[in-house]
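Let's walk through this structure together, starting with the whole chain and then moving in to a few of its residues.

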Amino acid sequence: MTDGVPGLVGAPAKLNLCLYVGPARDDGLHEICSLFEPLELADELRISEAEADEVISEGIEGPDLSAIALAALRRHGWDGPPVRIEVTKRVPVAAGLGGGSADAASVLRLGMGEVEGLRSIAAEIGADVPSQLQPRPCLVAGAGEVIEPAPAPGEHAVVLIPQAEGLATAEVYAEADRLGSPRREAEIEALRRQLRDAIDTGNSPLSYPEHLVNDLQAAAISLRPEIETALRALEEAGAAHSMVTGSGPTAFGLYATRPQADAAAAELRDHFADALATGPMSL
């Protein structure tokens, strides 16, 4: 494989361990404060030289962020060889796990060191894309473009219960606006400082459950009431904490160890066929 064409690359899902939502900005996006964690669960992108640029993504309906990212690289002057990108989806689509954003970020990494302003390009593609350019635990603010690396968390594992049908992020934010009560900017900033203090020592997220809050959870449940069933099932299967990730509809539970998560996922698959155990991505 020639320089600049990496072959097989991973695009890890991201988990929102918390998501605080503030008021809408002039650009229509909302101020947020969130703690992102990349997961072992990841899409795979096979990148090879080709006669012309081509992106093939399975199971994608609507805009393909991988193709959008490649086109953006070309517009901003990336002159690498034509590539064929085959995306194998393992992260559920429209699930609040950032799979499409991770795929786009993996494509943008082709231009690292060659194209200036990759983070700005990423932000134009989607709010979650900038944080995925270098997958790692991070505190995220603004509308997703303000990124602060965070210490790797202590031991824990995750069980995910995706839904058969995804949710569009814009629809969930619109429902959250309809339900009302966004946090004020000053509160968002105060929560960000508290969260930074909580994660500073690299503790497991199970040590600060008071911060594991998702302000979009009520909106996601309003649009998809069956999420509550998944959350209750996780609690009954021993999760120390359960909530919705991102804009949903995926419910997740936190467990102290991977064996506990594996056992819970096996139990849950009797009623939720797609339940799976995963953990933080190794750094």
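**From the surface to a buried aspartate**

This is a predicted model, and a good place to begin is its outside. The accessible surface of the chain comes to about 12,600 Å², and carbon and sulfur atoms hold 48% of that area. As for charge, there are 21 positive and 44 negative side chains, with the centres of the two sets 2 Å apart.

Now for the overall build. The secondary structure comes to nine helices and ten strands. The chain has a radius of gyration of 18 Å, close to the 19 Å that the globule rule gives for 283 residues, so it is as compact as a globular protein of that length. If you lay the C-alpha trace along its principal axes, it spans about 55 × 45 × 35 Å. Of the 283 residues, 51% are buried. Among contacts with a separation of 6 or more, 74% join residues that are 24 or more positions apart.

With that picture in mind, let's turn to the start of strand 1. Gly-7 lies in this strand, which covers residues 7-24. Its relative accessible area is 11%, and because buried means under 20%, Gly-7 counts as buried. For a sense of distance, try Gly-7 and Cys-138: they are 131 residues apart along the chain, and their C-alpha atoms are separated by 27 Å.

Next comes strand 2, residues 30-49, where you will find Asp-43. Is this residue buried or exposed? At 0% relative accessibility, Asp-43 is buried. Its side chain has polar partners: one polar contact, at 2.5 Å, is with the side chain of Lys-89. The side chain of Asp-43 also reaches the backbone nitrogen of Arg-90, at 2.7 Å. Leaving aside residues up to four places away in sequence, Asp-43 touches a set of neighbours that includes Val-9, Gly-10 and Ala-11, as well as Thr-88 and Val-91. Gly-99 and Asp-103 are also among the residues it touches.

Those last two contacts lead us to helix 2, since Gly-99 and Asp-103 are both among its buried residues. Helix 2 runs over residues 99-108 and is mostly covered, with nine of its ten residues buried. Besides the two just named, the buried residues include Ser-101, Ala-102, Val-107 and Leu-108. What lies over them? The cover includes strand 1, strand 2 and strand 4 (83-88), together with helix 1 (65-75), helix 3 (118-125) and helix 4 (129-132). Strands 1 and 2, where we met Gly-7 and Asp-43, thus return here as part of that cover.

Key
Residues are numbered from 1 along each chain as its sequence is written. This is a predicted model: local features need pLDDT of at least 70, side-chain atom pairs count only at pLDDT 80 or more; totals for chains, interfaces and linings use all residues. Side-chain values use heavy atoms; hydrogens and water are left out. Helices (H or I, at least four residues) and strands (E, at least two) are DSSP runs, numbered from the N terminus. The radius of gyration is taken over C-alpha atoms; the globule rule is 2.2 Å times the number of residues to the power 0.38. Buried means under 20% relative accessible area, exposed over 50%, partly exposed in between (1.4 Å probe, protein chains only). Contact means heavy atoms within 4.5 Å. Accessible areas come from the Shrake-Rupley method with a 1.4 Å probe; for residues, only the protein chains shown count as cover. Lys and Arg count as positive and Asp and Glu as negative; His and the chain ends are not counted. The place of a charge is taken as NZ of Lys, CZ of Arg, CG of Asp or CD of Glu. A polar contact is a pair of N or O atoms within 3.5 Å; within protein, one must be able to donate a hydrogen and the other to accept it, and residues adjacent in sequence count only if both atoms are side-chain atoms.
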